[in-house]
Amino acid sequence: MPTTEFSKPASGRPILGIETSCDETGVALLRWEPGAPGRGLLAHTLYSQIKLHADYGGVVPELASRDHVRKLLPLIREATAEAGLRVQDLGGVAYTAGPGLVGALLVGASVGRALAWALGVPAVGVHHMEGHLLAPLLEDDPPQPPFVALLVSGGHSLLVEVEAIGQYTILGDTLDDAAGEAFDKTAKMMGLPYPGGPALAKLAERGHAGACRFSRPMTDRPGLDFSFSGLKTQVLLAWQASDHGEQTRADIARAFEEAIIDTLIIKCRRALEASGTARLVIAGGVGANRRLRSELAAVAAKDGFRVYFPRLDFCTDNGAMIALAGAIRLAGGQHQDETVQVRPRWDLQSLPAA
Ligand code: KG4
Ligand code: ZN
């Protein structure tokens, strides 16, 4: 397999990254630093809409779009000030063009595209999951392709073989709920506040190991696809049959979390074996799960592979990962024409090589 070294020419000037695909407005400034992309991160800011959507128990797309409109320009001003720059110093603009909520995407794309046009610099639309996938490159000692990536977010559970940046083969996908979605729906079912994933993980810390057990879906047969909706049903039945006590709730949360984590780890090991690499990248919101991180680190030490995680803030949605993915593509000469285009659905495998 070919490898990609991070040795593309530096544009020298910072790239603005804009993330507005769902319920976080993320902005970052990054100067492309071949070999050590994290060193080029000049500023990053994030505004989370959690409070706005909490009363509804989930993201309300129209409210999300309107809030991105309110927050994006102030955040761009804040990030440029933090980096000691003016927008006129930008060398390019990267914005999330998909997948995601169409209205929310359009806010970032319109602002990003207009700003680039006004400044006379190139703009590039970034695939949100490529942003997640590349986020671990912002850390010290970044992974070099080829590697396998487990992308676990609210909308996706993907195992991806990364031959080079932009050359992605999907090895496994979810047949129904994504891992983050399963966390969120299960949490909601058990009366936990939105967003459910972190709340359920916190509750699981107080659960007793082995008090309750759920199956590890689709691990009893070969293959790398996931299915988490049956697990959700198992939890529902256990919850309905329980005394609804606090300890039982924590025990169920713990068993659910263990079932998801075990399943993800079993499939990661299979994917590493299938692809013949010993490097595993974890990214996406569920990558912030502490038990997943510690159990994977232990398995990696035992099996002899290396696992790379982004820092916790860069597991969930953020502008830095979009600035990075955009900077790589801009450095490779890729950019958009002057129309504003978003892709609410977008196959990761259809991306061109970077
Ligand atoms: O990547 P992300 O920020 O947004 C999407 O692209 O979807 O992922 C959000 C997902 C949510 O489902 C959230 O509940 C989940 O990541 N999540 C977690 C944790 N932190 C966030 N799931 C489990 N444990 C966590 N600590
Ligand atoms: Zn995301």
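# Exercises on a predicted model

Aspartate 220 is exposed, with 66% as its relative accessible area. Keep that residue in mind while you work through these exercises, and remember that the model in front of you is a predicted one.

## Exercise 1: A salt bridge between neighbours

Find the salt-bridge partner of aspartate 220 and place both residues on the scale from buried to exposed.

Solution.
1. Start from aspartate 220 and look for its partner: arginine 221 forms the salt bridge, and the closest N and O atoms are 3.3 Å apart.
2. Check this against the cut-off: a salt bridge needs the nitrogen within 4 Å of the carboxyl oxygen, and 3.3 Å meets it.
3. Now the surroundings. Arginine 221 has 45% relative accessibility and counts as partly exposed.
4. Aspartate 220 is at 66%, and because exposed means over 50%, it falls in that class.

## Exercise 2: A salt bridge across the chain

Which parts of the chain does the salt bridge between arginine 216 and aspartate 262 link?

Solution.
1. First confirm the pair: the side chains of arginine 216 and aspartate 262 meet in a salt bridge, with N to O at 2.9 Å.
2. Then locate each end. Arginine 216 sits in the loop between helix H6 (196-204) and helix H7 (229-241), while aspartate 262 belongs to helix H8 (residues 246-275).
3. The two residues are 46 residues apart, so the pair links distant parts of the chain.
4. Finally, compare their exposure. Arginine 216 is buried, at 15%, whereas aspartate 262 is partly exposed, at 27%.

## Exercise 3: From a pair to a network

Begin with lysine 185 and work outwards to the network of salt bridges that includes it.

Solution.
1. Lysine 185 and aspartate 177 form a salt bridge through their side chains, at 3.0 Å from N to O.
2. Aspartate 177 is buried, with a relative accessible area of 6%. Lysine 185, by contrast, is partly exposed, at 34%.
3. Step outwards: salt bridges link Asp177, Glu181, Lys185 and Lys232 in a network.
4. For the overall picture, the model has 17 salt bridges by this rule.

## Exercise 4: Around ligand 1

Describe the surroundings of ligand 1, going from single atoms to domains.

Solution.
1. List the polar side-chain atoms. Histidine 128 has one at 3.1 Å from an oxygen atom of ligand 1. Aspartate 184 has one at 2.5 Å from an oxygen atom of the ligand. Asparagine 289 places one 3.0 Å from a nitrogen atom of ligand 1.
2. Turn to surface area. Taken alone, ligand 1 exposes 550 Å², and the protein buries 87% of that.
3. Ask which elements line the site. Helix H4 (128-134), helix H5 (179-189) and H6 are the ones that give two or more residues to the shell.
4. Widen the view to the whole shell: 19 residues surround ligand 1, and His132, Gly154, Asp184, Gly285 and Asp317 are the closest.
5. Sort the shell by class, and you get six nonpolar, eleven polar and two charged residues.
6. Assign the shell to domains. Domain 1 (15-136 + 314-350) and domain 2 (142-309) each give at least three residues.

## Exercise 5: Backbone details

Locate the cis peptide bonds that involve proline 146 and proline 195, then inspect phi at methionine 218 and histidine 244.

Solution.
1. Proline 145 and proline 146 are joined by a cis peptide bond, with omega about 5°. Proline 146 lies in the loop between H4 and strand S6 (147-152).
2. Tyrosine 194 and proline 195 are also joined by a cis peptide bond, with omega about -5°. Proline 195 is in the loop between H5 and H6.
3. At methionine 218, phi is near 60°, a positive value in a residue other than glycine. Methionine 218 lies in the loop between H6 and H7 and is buried, at 17%.
4. At histidine 244, phi is likewise near 60°. Histidine 244 is found in the loop between H7 and H8 and is partly exposed, at 46%.

## Exercise 6: A glycine in a helix

How many Å separate the C-alpha atoms of glycine 103 and leucine 63?

Solution.
1. Place glycine 103 in helix H3 (residues 102-119).
2. Read its accessibility: at 28%, glycine 103 counts as partly exposed.
3. Take the distance to leucine 63. The C-alpha atoms are separated by 9.6 Å, and the two residues are 40 residues apart along the chain.

Conventions:
Residues numbered from 1 in each chain as written. Chains lettered and ligands numbered in written order. Predicted model: local features only at pLDDT ≥ 70, side-chain atom pairs only at ≥ 80, totals over all residues. Heavy atoms only, no water. Buried < 20%, exposed > 50% of the residue type's maximum accessible area, 1.4 Å probe, protein only. Helix = DSSP H or I, 4+ residues; strand = E, 2+ residues; numbered from the N terminus. Near = heavy atom within 4 Å. Polar contact = N/O pair within 3.5 Å; in protein donor to acceptor, adjacent residues only side chain to side chain. Areas by Shrake-Rupley, 256 points an atom, 1.4 Å probe, with all protein chains shown as cover. Nonpolar A, V, L, I, M, F, W, Y, C, P; charged D, E, K, R; others polar. Domains from an automatic or database assignment.
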